[in-house]
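Student: Please take me on a close look at one part of this model. I would like to begin with a small strand pairing and then see what lies around it.

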Amino acid sequence: MGDILLDVHHVSKTFPVKGGMFSRSKGFVHAVDDVSFQVERGETFGLVGESGCGKSTLSRALLQLISADSGEILFEGRDLRAMKGRELQTQRSRMRMVFQKPFTSLDPRRTVREIIAAPIRVHDRRIGAAELEKQVLELMDKVGLSPTYIDRYPHEFSGGQRQRIGIARAIALDPELIICDEPVSALDVSIQAQILNLLKDLQQKQNLTYIFISHNLSVVNHMSDRIAVMYLGSIVEIAKADALYERAMHPYTQALLSAIPDPSIAGKRRRIILTGDIPSPVNPPKGCRFSTRCAHATERCRAERPRLLDVEEGYKVACFLYESKGGLK
Amino acid sequence: MSDSLLRVEDLKMVFENKLRSFAAVDNLGFQVERGQTLGIVGESGSGKTMASLSVMRLLPNQGRVAGGRVTFEGRDLLSLTEKEMRKIRGNEIAMIFQDPMMSLDQVYTVGYQIMEAILTHEKTTKAIAKQRALELLASVGIPHPERVFASYPFELSGGMCQRAMIAIALCCRPKLLFADEPTTALDVTVQAQILDLLRQVQAEYKMGIVLITHDLGVVADIANRVIVMYAGKSMEGAPTDTILNRPSHPYTAGLIRAMPKLAERTERLYSIDGMVPDIREMPSGCRFSTRCLFAEAGCREEEPVIREIEPDHYVRCHRAIPQEKGGFRVG
Amino acid sequence: MTRFILKRLGISLIMLLAVSTIVFLMIHMMPGDPALMMLGGDSNPDPAAVAVLREELGLNKPLPVQYKDWVLGAVGGDLGHSYSEKIPVMQSIATRLPRTLELAGAAMLLACIIGLPLGVWSALRRGKTSDLVMTTGASLGTSIPVYVMGYIFIAVFCLDGFGLGFSMPSSGYMDISRSVGGHFTRLVLPALTLALGIAASIMRMTRSSMLDALSGESVRALRAKGLSESKVIIRHVIRNAFIPVVTIIGLQFGNLIGGTVLCETVFNWPGLSTLLVKAINQRDYPLIQGCILVMSSVFILANLVVDVLYGILDPRAR
């Protein structure tokens with residue numbers, strides 16, 4: 001492992017669920033359940049999973065937008081959860097986020113200038129208007145927005161352009177880590193390609209580290225160096241991107257891969273159709289979370305939860321099928 | 001030819017207010033046969049949804065069909081009265097939409113809504129309708145039909161709701177089904193299940209399906225033929241395999257190259273420069289000319305018409321020829 | 001559901017206690033002495049007599065003690081004795097309360113009859129001239145004050161302002177047991193006056209709720225099922241649109257209970273609001289407390305009913 005930028009240890013987050021006005025508390029959503037992983041400086045770490053897997057909650061917990069119930073989140077060795085006040089604010093300039101919905105993540109009442117300038121102003125209250133404008137224009141140029149757009153409002157732009165504004169806002173403070181939460185899901189294919197290329201270019205120019213979150217494995221695979229697959233709050237597999245595609249050890253990963261509508265492999269793979277729906281993250285199954293839909297589930301799977309173990313160098317799986325290989329150094 | 005299930009010729013659909021009128025669909029033609037699936041692929045602004053709504057005559061207030069012919073089993077749909085059209089909707093031609101949560105009414109149970117569909121078109125008793133509803137729910141792969149029957153849509157997952165919608169659509173054994181982005185709002189594994197279901201149902205009912213989507217991968221999965229639309233016009237039409245592996249229109253080729261593919265890792269994705277033109281400011285000549293790598297002067301002057309460049313392969317482009325004969329390659 | 005209701009009732013009791021405490025403090029801060037009032041406002045009564053009366057009424061006891069006495073009495077059903085009317089407060093209120101309830105009820109009924117259909121209609125005719133006319137009318141309805149509207153009605157219908165050829169009684173109250181016709185002719189105008197302002201806001205709420213429901217994808221999917229337009233509108237759109245409207249109606253009713261005072265004054269309708277005003281002027285502490293308590297209770301009850309109704313109408317809220 002190279003220089004580790006972000007080190008996540010056993011992070012969990014649970015939300016209580018209440019029914020409507022007339023019912024009692026319905027239970028707890030185990031949104032993130034004992035998640036651990038590490039992100040190297042300069043890499044793109046992909047996080048893939050379907051609804052209810054907890055990836056969005058996890059991203060917010062990493063940024064301290066919500067507070068995790070337990071665990072440690074170490075950024076360059078310092079525990080984020082222990083930071084407060086000034087230190088936290090400075091930290092926030094080093095970890096930023098690009099959001100999923102370009103249509104709702106920008107304040108419709110503010111111009112492009114104001115949106116991009118906002119984080120700069122927060123961290124440097126005394127910055128002058130001319131200097132501010134210079135920085136905003138530089139950022140717009142980096143993301144491919146024409147300077148004539150600076151005083152326009154979000155509704156005047158297309159989805160792809162709005163996402164560029166969001167990216168400009170994210171890189172405004174020259175961060176080290178950017179969490180991209182489904183940045184292209186709402187965009188057309190041809191625009192998606194433009195934005196993904198932009199993200200890659202920026203990564204090189206600005207020495208960025210990405211955590212790239214998406215439910216679309218093709219996109220994650222394209223962007224990431226390493227990928228973690230999440231299911232119902234836990235990580236089930238972590239590996240290098242091409243290794244994951246070639247080996248796909250965890251039954252869920254296999255099903256996910258086989259389900260992707262990808263014309264390059266259409267008709268060339270065996271389709272694994274999972275039975276049933278994703279169980280609700282409220283009161284999840286005992287034992288392995290995937291046991292209710294897994295073709296290989298045994299009694300042990302239903303009773304005990306497998307841990308994430310190394311099956312070979314840089315490849316971890318949480319599944320009893322591979323336990324005999326586990327613990328390899 | 002005359003026994004096509006659905007034939008659309010030269011369809012034109014416009015949005016208009018008192019001052020101006022804009023064509024959202026222009027010169028569109030396609031056919032669907034029994035038991036076959038036609039995929040209509042396009043990005044936003046391509047007009048694919050408006051095209052299907054035109055056939056169903058469900059256009060929003062400011063829209064209307066301004067020209068063309070729509071023939072369903074020999075009947076001219078555009079000339080029917082609203083009353084006659086209602087007899088066909090949900091009965092002979094059904095439609096399912098993208099977001100099942102939005103398309104189902106949240107204050108009525110699923111069972112009620114299925115029964116409502118049945119009772120609208122058939123004169124039976126409530127008891128028989130309920131029985132049919134339960135059977136339909138079971139046939140679309142719902143494990144506990146009685147429970148889902150009594151549930152409200154918000155109590156069910158997206159996948160369940162979409163199955164319920166399909167059950168509603170199938171209740172009168174339609175001959176043709178429009179599916180507008182039926183899996184876009186769903187998780188990938190659920191998407192696979194739903195597509196599987198559609199295939200199964202099609203075989204059973206010998207239904208024709210028109211699948212509208214922006215996702216070429218989905219189309220690869222279940223469509224026999226594909227039409228690619230751009231800015232309101234069809235750009236290319238051919239069997240699925242041809243479209244995916246030997247596309248001749250620059251737009252289609254660009255679209256395919258722009259998709260990240262698992263089997264081929266690349267550093268950069270091919271991306272088509274620019275954006276879809278605004279409906280109010282269509283470029284002159286070929287609509288794709290402003291973004292096309294192969295555009296020449298003539299492309300911006302004259303709009304191309306659909307040509308059959310090889311058997312069963314139609315392209316709207318001045319310059320396109322089949323790939324094997326030296327046609328465009330992109331990326 | 002019972003748990004929910006019990007919890008709300010518990011909170012309601014606490015709210016009532018809070019309200020009555022605040023009111024108690026406020027009225028005791030008002031200048032003016034009840035004993036002085038009772039013994040003859042303008043003339044100078046004998047100070048000794050005033051002192052004796054104050055002692056009798058318990059006004060010399062420390063405030064917390066006075067309050068405690070009142071609360072204990074109220075819990076037992078005894079709201080004290082009105083200084084000005086010389087009868088138990090309960091009795092005073094019991095005569096007046098039904099009249100205000102009737103007025104408020106009639107006003108709400110009329111408001112719904114006028115506002116709901118107009119709201120639905122203007123939503124369906126959105127953008128057309130009729131919609132514009134109705135929306136403007138609604139704005140007028142909410143802006144014209146009750147007392148202006150009331151006097152206009154009196155001028156037109158009672159004083160034969162338009163030369164309509166008939167004249168309605170402009171004021172007073174006639175018990176229904178004496179004459180049904182007489183009772184209702186005196187109810188119509190005040191109820192209508194109150195109703196117009198409320199009808200206007202019901203109409204606007206209904207209209208915007210309908211427009212919301214109509215723009216959803218749900219409507220397109222329903223039409224795709226082959227449902228007739230009237231079934232789509234009535235069974236689905238209206239059913240959804242009316243949920244927020246029902247809650248507004250309930251809340252407006254609650255508001256009305258305390259807000260009929262202008263109307264009652266204009267039309268001389270002897271209801272609870274005018275009683276309260278009189279009591280304040282007379283510094284009739286027990287009567288003031290009693291009226292406020294009753295009005296708050298009705299208001300809180302109306303809110304509770306609305307919440308329960310909401311849960312019944314909208315399965316998502318359960």
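Tutor: Start in chain A, where Phe75(A) has Arg78(A) as its bridge partner in S5(A). This is a predicted model, so keep that in mind throughout.

The strands here are S4(A), residues 70-75, and S5(A), residues 78-79. S4(A) and S5(A) run antiparallel and are joined by two bridges. They form a hairpin with two residues between the strands. Look at Glu76(A) in that hairpin: its phi is positive, near 50°.

Now follow S4(A) to another partner. Strand S1 of chain A, residues 4-18, runs antiparallel to S4(A), and five bridges join the two. One place to find this pairing is Asp7(A), whose bridge partner in S4(A) is Leu74(A). S4(A) thus pairs with S1(A) and with S5(A).

Move to chain B and look for strands with the labels S1, S4 and S5. Strand S1 of chain B covers residues 6-16, and strand S4 of chain B covers residues 63-72. They run antiparallel, with eight bridges between them. Phe15(B) is a good marker: its bridge partner in S4(B) is Gly63(B). S4(B) also pairs with strand S5 of chain B, residues 75-76. That pairing is antiparallel and has two bridges. Thr71(B) finds its bridge partner, Asp76(B), in S5(B). S4(B) and S5(B) make a hairpin, with two residues between them. In its turn, Glu73(B) has a positive phi of about 50°.

Stay in chain B for a wider sheet. Eight strands form an open sheet there, in the order S6-S7-S8-S3-S9-S10-S12-S11. Its pairing is mixed. At the edges stand S6(B), residues 93-96, and S11(B), residues 306-310. Each has a single partner strand, so one side of each is left without a neighbour in the sheet. From one strand to the next, the twist averages 20°. In a regular strand, side chains alternate between the two faces of the sheet.

Zoom in on the edge at S11(B). It pairs with S12(B), residues 313-316, in the antiparallel sense. Four bridges hold that pairing in the count. Glu310(B) has His313(B) as its bridge partner in S12(B).

Step back to chain B as a whole. Its secondary structure comes to 12 helices and 12 strands. The C-alpha trace spans about 65 × 50 × 40 Å along its principal axes. A compact globule of 331 residues would have a radius of gyration near 20 Å; chain B has 21 Å, which agrees. Of its 331 residues, 49% count as buried. Take the contacts in chain B between residues at least 6 apart in sequence: 62% of them join residues at least 24 apart.

Next, see where chain B meets chain A. In this contact, 37 residues of chain B touch 34 residues of chain A. Four helices of chain B each give two or more residues to that side: H7 (158-170), H8 (188-205), H9 (216-222) and H11 (250-258). H8(B) gives the largest share, seven residues. By type, the residues on this side of chain B divide into 18 nonpolar, 10 polar and nine charged.

One residue shows this meeting of chains in detail. Leu244(B) lies in helix H10 of chain B, residues 240-245. Is Leu244(B) buried or exposed? Leu244(B) has 20 other C-beta atoms within 10 Å. A residue counts as buried at 20 or more, so Leu244(B) is buried. Leaving out residues up to four places away in sequence, Leu244(B) touches Pro263(A), Leu216(B), Ala220(B) and Ile256(B). Take Ile256(B) from that list. Leu244(B) and Ile256(B) are 12 residues apart along the chain, and their C-alpha atoms are separated by 7.2 Å.

Finish with chain C. Its secondary structure comes to 13 helices and zero strands. Its C-alpha trace spans about 85 × 60 × 35 Å along the principal axes. Buried residues make up 36% of its 318 residues. Among its contacts between residues at least 6 apart in sequence, 73% join residues at least 24 apart.

What about confidence? Chain C averages a pLDDT of 84, and 96% of its residues score at least 70. For the complex, the predictor gives an ipTM of 0.87 and a pTM of 0.83.

Notes. Residues numbered from 1 in each chain as written. Chains lettered and ligands numbered in written order. Predicted model: local features only at pLDDT ≥ 70, side-chain atom pairs only at ≥ 80, totals over all residues. Contact = placed C-beta atoms within 7 Å. Nonpolar A, V, L, I, M, F, W, Y, C, P; charged D, E, K, R; others polar. Rg over C-alpha atoms; globule rule 2.2 N^0.38 Å. Buried ≥ 20, exposed ≤ 12 C-beta atoms within 10 Å, placed from the backbone. Pairing = 2+ DSSP bridges. Axes fitted to C-alpha atoms, helices over the stretch in contact; angles between N-to-C directions. pLDDT = per-residue confidence, 0-100.
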